[in-house]
Amino acid sequence: MNFDTFEPVYEAILADFGFDRTGDERARDVAADLATPFPLDRLGDWEGETVAVAGAAPCLADEVALARDADVVVAASTAADVLVDRGVAVDCMVTDLDKNPETAAELTREGVPVAAHVHGDNIPAVRQWLPRFADEWTLATTQAAPVGPVQNTGGFTDGDRAAFLADHVGAGELVFPGWNFDDPDVDPMKARKLDWAARLLRWLERRRGEEFDILDGRREAADAALREALGDRFDD
Ligand SMILES: Nc1ncnc2c1ncn2[C@@H]1O[C@H](COP(=O)(O)OP(=O)(O)OP(=O)(O)O)[C@@H](O)[C@H]1O
Ligand SMILES: Nc1nc2c(c(=O)[nH]1)N=C(CO)CN2
């Protein structure tokens with residue numbers, strides 16, 4: 001996905017959370033000064049492959065086999081630690097640097113690509129951690145308009161951004177270990193972020209003509225929110 005397509009949903013997210021667009025743009029500009037270009041073929045060839053997009057819900061511990069059996073494993077944030085601890089190799093990590101940046105830095109030093117997301121609320125972490133990542137294996141991402149080496153392939157939370165990235169580079173089937181949209185143990189802010197993750201994945205499955213089973217029971221509500229954000233473009 002490119003930014004023009006993503007922008008109406010980005011605007012709806014900004015409005016819903018009260019996030020400041022200029023903050024996201026400032027973060028992007030900080031990252032543009034720190035990052036180097038990352039051609040997406042450096043991820044490896046995901047074209048047509050089954051990609052496991054691992055979320056960090058507690059159920060991931062029971063669903064490790066779904067990741068182990070996939071061709072490619074993309075881990076969102078702390079899902080990377082859970083998988084590595086269980087002997088599953090991670091092919092890419094997607095993070096906004098807020099929980100386990102040491103894991104991300106270490107992966108880049110081992111030659112594993114990390115998509116490091118920058119936004120208005122993580123600028124100190126961006127300044128602290130990006131310089132400690134191996135440049136060659138760091139893809140800087142933004143949710144605002146892309147600039148220089150900082151790319152935007154769509155998405156908002158670490159997990160749904162991982163799915164949008166996989167889609168962008170031509171992944172075949174997407175499977176989703178470690179996802180629970182009804183997790184009773186998340187705080188209210190996280191629950192709202194997960195609601196957006198569900199809407200974004202619903203948008204992605206519609207565009208791909210695929211069905212993600214983690215969305216069962218959530219499609220109607222997601223469609224209503226997407227219709228509001230996208231207007232006429234909902235049916236594209
Ligand atoms: N029940 C869940 N709890 C947490 N994350 C979940 C859950 N279900 C799915 N996910 C996905 O796993 C991702 C990683 O979650 P984690 O809590 O490790 O990271 P995070 O840095 O807090 O994520 P984010 O900053 O994107 O909210 C989330 O971004 C989300 O997309
Ligand atoms: N401005 C801003 N952007 C975000 C934020 C956030 O807290 N603030 N959190 C995200 C995923 O957790 C993704 N994007």
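## A walk from the first helix to the two ligands

The buried residues of helix H1 pack against H8 and helix H9, the latter running over residues 219–230. That's a handy place to start in this predicted model. The H1 residues in question include Phe6, Val9 and Tyr10, which are buried. If you wonder about their spacing, remember that an α-helix has 3.6 residues a turn, so residues three or four places apart point the same way.

Now look along H1 itself. What does its length tell you? H1 covers residues 3–17, and its 15 residues, at 1.5 Å each, should span 21 Å; the end C-alpha atoms sit 19 Å apart, so the two values agree. The helix does have a kink of about 30°, centred on Val9. Val9, then, is both the centre of that kink and one of the buried residues of H1. Just past the end of H1, Gly18 adopts a positive phi of about 75°.

Next, the interior. As a rule, nonpolar side chains in soluble globular proteins tend to be buried together. Here the largest nonpolar core has 70 residues, and Ala54, Val73 and Val74 have the most contacts inside it. Helix H8, residues 188–208, gives this core its largest share, 8 residues. To see what the packing looks like from one of those well-connected positions, pick Val73: leaving out residues up to four places away in sequence, it touches Ala52, Ala54, Ala67, Leu83, Val88, Ala89, Val90 and Asp91. Ala54, another of the residues with the most contacts in the core, is thus also among the residues that Val73 touches.

H8 turns up again around ligand 1. This ligand has 21 residues around it, and the closest are Gly55, Ala56, Ala57, Ser77 and Gly159. Helices H7 (158–168) and H8 are the elements that give two or more residues to this shell. Sorted by class, the shell holds 8 nonpolar, 6 polar and 7 charged residues.

Which residues sit around ligand 2? They are Phe19, Gly23, Asp24, Asp96, His119, Gly120, Asp121, Gln143, Phe156, Thr157 and Lys193. This shell splits into 2 nonpolar, 5 polar and 4 charged residues.

One last stop on H8 is Lys190, which lies in that helix. Is Lys190 buried or partly exposed? It counts as partly exposed because 13 other C-beta atoms lie within 10 Å, whereas a buried residue would need 20 or more. Its C-alpha is 9.6 Å from that of Thr157, although the two residues are 33 apart in sequence. Thr157 is one of the residues around ligand 2.

Definitions and conventions: Residues numbered from 1 in each chain as written. Chains lettered and ligands numbered in written order. Predicted model: local features only at pLDDT ≥ 70, side-chain atom pairs only at ≥ 80, totals over all residues. Core = buried A, V, L, I, M, F, W, Y, C linked by C-beta atoms within 7 Å. Buried ≥ 20, exposed ≤ 12 C-beta atoms within 10 Å, placed from the backbone. Helix = DSSP H or I, 4+ residues; strand = E, 2+ residues; numbered from the N terminus. Contact = placed C-beta atoms within 7 Å. Near = placed C-beta within 6 Å. Nonpolar A, V, L, I, M, F, W, Y, C, P; charged D, E, K, R; others polar. Expected span 1.5 Å × (residues − 1). Bend = angle between axes of the 7 residues up to and from the residue.
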